Structures are given as C-alpha cells and as structure tokens.
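Here are my notes on this model, jotted down while going through it. Could you read them with the structure open and check each point as you go?

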Amino acid sequence: ILIDLGTKGRTGNPAYKPFGKWSIVFALKNKQGQVTGFYFRSTLEGKEQSGTPAKHFYLKDRQGLYPNYPSKDTKKLILTESIIDAATLLEQESIKSQYEILSLYGTNGLTEEHQKAIKDLHDLEEIIFFLNGDAAGTKAVQKYAPMLKGEYPSVKISNVQVPENEDV
C-alpha cells in the first residue's frame with residue numbers, strides 16, 4: 001500500500017512511501033464480512049524510530065476483526081493473542097469445526113469492537129483464552145477473564161495452558 005507523504009517528488013507529482021512492505025497481509029472484516037482494514041506482519045526484523053523492533057502494523061483508525069465476526073450461533077469462542085495465532089488454529093480442522101476463533105490485537109487488544117461482537121453471541125457457553133505462554137499472556141488472562149465473567153456470568157471462562165515462552 002502506498003501512503004501519500006503530503007509532499008511533491010522530483011517530478012512534481014505526489015510523493016509516496018510503501019506501507020507494509022515485506023509483510024504478510026491479513027484482512028480485517030466488519031460485521032457484514034466486508035474488508036475494512038488490514039494487519040501487516042513483517043517478515044523482516046525492522047526498527048521503529050524509537051529503536052524498538054517493528055513487526056506489527058495496522059492501518060490508521062483500525063477497524064474490523066480477524067478472521068471475521070463470530071457466527072451468531074457460536075457456543076464456544078477461542079480468543080487468541082494474535083492474528084497469526086488465530087490463523088494457526090484455523091489450520092486445524094478439529095478446532096475449526098467445533099469452535100469460533102477471534103484474534104485479539106495483542107495482550108492489551110480486547111477492543112470495544114471485540115466486546116460488541118461477543119455481546120451479540122446469545123448462545124455462547126464458553127470463552128477460551130489461548131494466549132502465549134509468557135508473562136504478558138498470563139497477565140492478559142488475569143485482566144480479561146474476570147471482566148468477561150462479570151459481563152457473562154453464565155458463560156464458562158477457561159484458559160489453554162501454553163508451554164512457557166511458546167506461542168500458539
């Protein structure tokens with residue numbers, strides 16, 4: 001995707017820079033199943049201006065969920081920490097056939113849009129956290145599980161134990 005820099009190039013035409021170059025791209029979808037945003041996962045070890053590793057990129061004003069909004073008749077919902085974790089689980093037919101999967105946007109990424117999607121699941125019986133086996137994943141479960149249990153007291157909240165320092 002080309003981003004307008006707001007300046008002119010040497011030819012006098014608008015200047016652009018690439019966004020998401022060298023990345024794998026995943027579509028984010030709205031409630032109607034339309035693509036409303038993109039997530040980019042860099043295949044290179046880049047650096048942000050601050051010097052920290054840059055691996056994850058979203059378009060400005062991110063909208064949409066991955067892989068999509070859960071089906072209205074969802075009974076069991078798996079929440080993953082990342083889009084790639086969700087994509088990994090979608091490769092498992094035994095999981096895909098029995099569960100709906102919804103990716104968070106990192107350990108602090110249970111957004112208002114996620115919460116609205118979950119609220120529409122009137123047949124929901126269980127929410128399963130399937131986050132990474134590290135301190136951040138554990139902390140996120142400790143933060144979000146009580147919150148979701150408070151919102152949905154009749155829904156079972158569970159957690160898959162991932163080996164220490166491993167991703168899904």
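1. Start with F57, which comes out partly exposed at a relative accessible area of 25% (buried is under 20%, exposed over 50%, partly exposed in between, with a 1.4 Å probe and protein chains only). Then look at F38 and F40: their ring centres are 6.3 Å apart and the planes make 55 degrees, so this pair counts as tilted (Phe, Tyr and Trp rings, the latter by its six-membered ring, pair with centres within 6.5 Å; planes under 30 degrees apart are stacked, over 60 edge-to-face, the rest tilted). F38 is partly exposed at 30%, whereas F40 is buried at 3%.

2. A word on ground rules. This is a predicted model, so local features need pLDDT of at least 70 and side-chain atom pairs count only at pLDDT 80 or more, while totals for chains, interfaces and linings use all residues. Residues are numbered from 1 along each chain as its sequence is written, and side-chain values use heavy atoms, leaving out hydrogens and water.

3. Back to the rings: the whole structure yields seven aromatic pairs. One of them is F19 with F57, edge-to-face at 6.2 Å between centres and 75 degrees between planes. That pair bridges distant parts of the chain, 38 residues apart: F19 lies in the loop between β2 (14–18) and β3 (23–29), and F57 in strand β5 (residues 53–58) (strands are DSSP E runs of at least two residues, helices H or I runs of at least four, numbered from the N terminus).

4. There's also an aromatic cluster made of F26, Y39, Y58, Y66 and Y105. Y58 has a further partner: the charged end of R62 sits over its ring, 4.3 Å from the centre (the criterion is NZ of Lys or CZ of Arg within 6 Å of the ring centre and within 35 degrees of the ring normal).

5. At the start of the chain, β1 (residues 2–8) pairs with β2 in the antiparallel sense over four bridges (pairing takes at least two DSSP bridges). D4 faces Y16 in β2. Five residues separate the two strands of this hairpin, and G12 has a positive phi near 90 degrees there.

6. What is in the largest nonpolar core? It counts 36 residues, with L79, I118, I127 and F129 making the most contacts inside it (buried Ala, Val, Leu, Ile, Met, Phe, Trp, Tyr and Cys joined through side-chain atoms within 4.5 Å). Among the elements giving at least two residues each are β3, α1 (83–90) and α3 (112–119), and α4 gives the most, with five. Setting aside residues up to four places away in sequence, I118 touches L77, L79, L110, L124, I127 and Y152 (contact is heavy atoms within 4.5 Å).

7. Last, the open four-strand sheet: its order is β7-β6-β8-β9, paired in parallel. β7 and β9 (156–159) are the edges, each pairing on one side only. β6 and β8 share five bridges, with I78 opposite I128 and L79 opposite F129. Four bridges join β8 to β9, and here E126 stands opposite K156.

8. Which residues cover each side of β8? E126, I128 and F130 are on one face and I127 and F129 on the other, and all are buried. With five of its five residues buried, β8 is therefore largely enclosed by the rest of the structure.
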